[in-house]
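Let's take a walk through this one together, starting with a sheet and then moving on to the charged pairs. Keep the structure open as you read.

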Amino acid sequence: MNWPHERGRFPVLEQFAYLNAGTFGPLARATLDAEGALRRWEGENGRGGKEYFDAMLDRRERVRVLLAEQIRVPPERVSLADSTTGGVQVVVTGLGLGEGDEVVTTDAEHFGLTGPLVASGATLRIARVRDAPAADVFELIRAQVTPRTRLIATSAVSWIDGKVFPWRELREATGVPVLIDGAQAAGAIDEDASAADYYTVSAQKWLCGPDATGALYVREPDALSPRLVAYPSAASYDIAEGVWEPKPGAARFDRTFTPASSLAGLEAALVDLPAGRFERARELTERGRELLLEHGQDVVTEPGQATLVSFRTPGDSAETVAALYGRGVVVRELPGTGLVRASIGWWNDGSDLERLVEALAAL
């Protein structure tokens with residue numbers, strides 16, 4: 001694979017060491033061109049007409065297939081979403097979680113997962129895994145499961161330090177349904193989500209899609225009630241009678257019409273992805289971790305995890321991140337943790353990693 005050529009897809013890398021896909025992935029020229037071309041067409045021709053809407057609906061189904069391929073699941077079990085949080089809300093409301101129900105989760109989750117769980121009113125049993133070794137995570141979570149537990153809700157990969165969570169093993173060992181936040185996994189590591197009951201995808205991160213794009217995998221769509229219903233959810237409806245018929249499969253959970261231009265950009269981002277990208281990302285991540293250690297950084301991410309590397313720096317982490325940006329290095333601080341996080345993808349190379357450690361040394 002010609003990685004310098006593949007790297008050339010992303011104009012941001014001409015100026016920055018961009019290490020922030022855990023928040024937003026870099027946008028490729030093809031994505032920008034597809035969005036821009038459709039926006040120009042809309043400006044000149046209007047957002048209407050049968051041809052326009054038919055093209056949008058056809059693209060929705062192509063994108064559904066492409067997203068399903070990223071996590072190795074059937075497309076008919078994939079709903080189009082605008083975020084991981086949106087997907088979690090579909091599951092929480094569909095299950096009717098509330099007072100008297102019990103959900104097991106962890107203290108290492110993003111609020112995008114935890115927020116809807118808290119709002120449901122269910123009792124949360126929270127496993128303390130944030131500072132635990134990866135090898136201990138399985139037992140720490142399983143210890144919180146009781147006969148009353150209705151759901152285990154965890155990340156596939158911790159947004160804090162890239163720790164890979166053993167969600168498949170938990171599902172098998174406990175028999176409890178699992179809701180998996182795949183925001184830091186889908187597109188970052190080679191992921192098969194088919195064993196999950198529910199699995200969310202944030203396409204604006206490691207899949208390098210436009211803002212507010214993503215998906216929700218539902219293993220058994222007929223077993224989850226569609227409660228957040230919108231026009232794209234319906235196969236048919238009768239306003240006068242106050243009835244509706246949901247679409248077959250997980251399309252019944254489609255809550256919104258993703259803007260046509262965003263769909264075009266996402267489709268462009270998901271086609272023609274390079275072979276070997278997951279292996280490339282893992283190799284670069286290990287190299288980045290070792291470089292940070294060699295340069296005296298306090299790295300908290302263990303070896304052999306996913307594609308996030310987090311470390312502590314002297315002084316205020318927000319100030320460090322701002323100073324690094326001024327030196328052309330884009331990373332993220334994790335509020336309340338004192339950590340700086342580098343997100344390393346297949347589009348990066350050694351020069352980005354060297355630039356990070358050199359900028360840290362200069363500070």
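Start with strands E12 (residues 308-312) and E15 (residues 339-343), which run antiparallel and are joined by five bridges. To get your bearings in this predicted model, find Val309, which sits opposite Ala342 in E15. Now zoom out a little: these strands belong to an open, four-stranded sheet with antiparallel pairing, in the order E11-E12-E15-E14. The edges are taken by strand E11 (298-299) and strand E14 (332-334), and each has a single partner strand, so one side of each is left without a neighbour in the sheet. What packs on this sheet? That would be helix H9 (residues 277-294), which touches E11 and E12. The direction of H9 makes about 10° with that of E12.

On to the charged side chains. As a general point, side chains of opposite charge can pair when their charged atoms come close. The count here is 22 salt bridges, and a few of them are worth a stop.

Asp352 and Arg7 form one of these, with their closest N and O atoms 2.7 Å apart. This pair links distant parts of the chain: Asp352 belongs to helix H11 (residues 350-362) and Arg7 to helix H1 (residues 3-7), 345 residues apart. Are the two partners buried or exposed? With buried meaning under 20% relative accessible area, Asp352 makes the cut because its relative accessibility is 2%. Arg7 counts as buried too, because its value is 14%.

Next, look at Asp254 and Arg60, whose side chains meet in a salt bridge at 2.9 Å, N to O. Asp254 lies in the loop between strand E10 (243-246) and helix H8 (260-270), while Arg60 is in helix H3 (residues 50-70), so this pair ties together parts that are 194 residues apart in sequence. Asp254 has 0% relative accessibility, so it counts as buried; Arg60, at 3%, counts as buried as well. There's a wider picture around this pair, too: Arg60, Glu61, Arg64 and Asp254 are linked in a network of salt bridges.

One last stop: Arg171 and Asp197 form a salt bridge whose closest N and O atoms are 2.6 Å apart. Arg171 comes from helix H7 (residues 167-174) and Asp197 from the loop between strand E6 (178-181) and strand E7 (198-202), so the pair ties together parts that are 26 residues apart in sequence. Both Arg171 and Asp197 are buried.

Methods: Residues numbered from 1 in each chain as written. Predicted model: local features only at pLDDT ≥ 70, side-chain atom pairs only at ≥ 80, totals over all residues. Heavy atoms only, no water. Salt bridge = Lys/Arg side-chain N within 4 Å of Asp/Glu carboxyl O. Helix = DSSP H or I, 4+ residues; strand = E, 2+ residues; numbered from the N terminus. Buried < 20%, exposed > 50% of the residue type's maximum accessible area, 1.4 Å probe, protein only. Pairing = 2+ DSSP bridges. Contact = heavy atoms within 4.5 Å. Axes fitted to C-alpha atoms, helices over the stretch in contact; angles between N-to-C directions.
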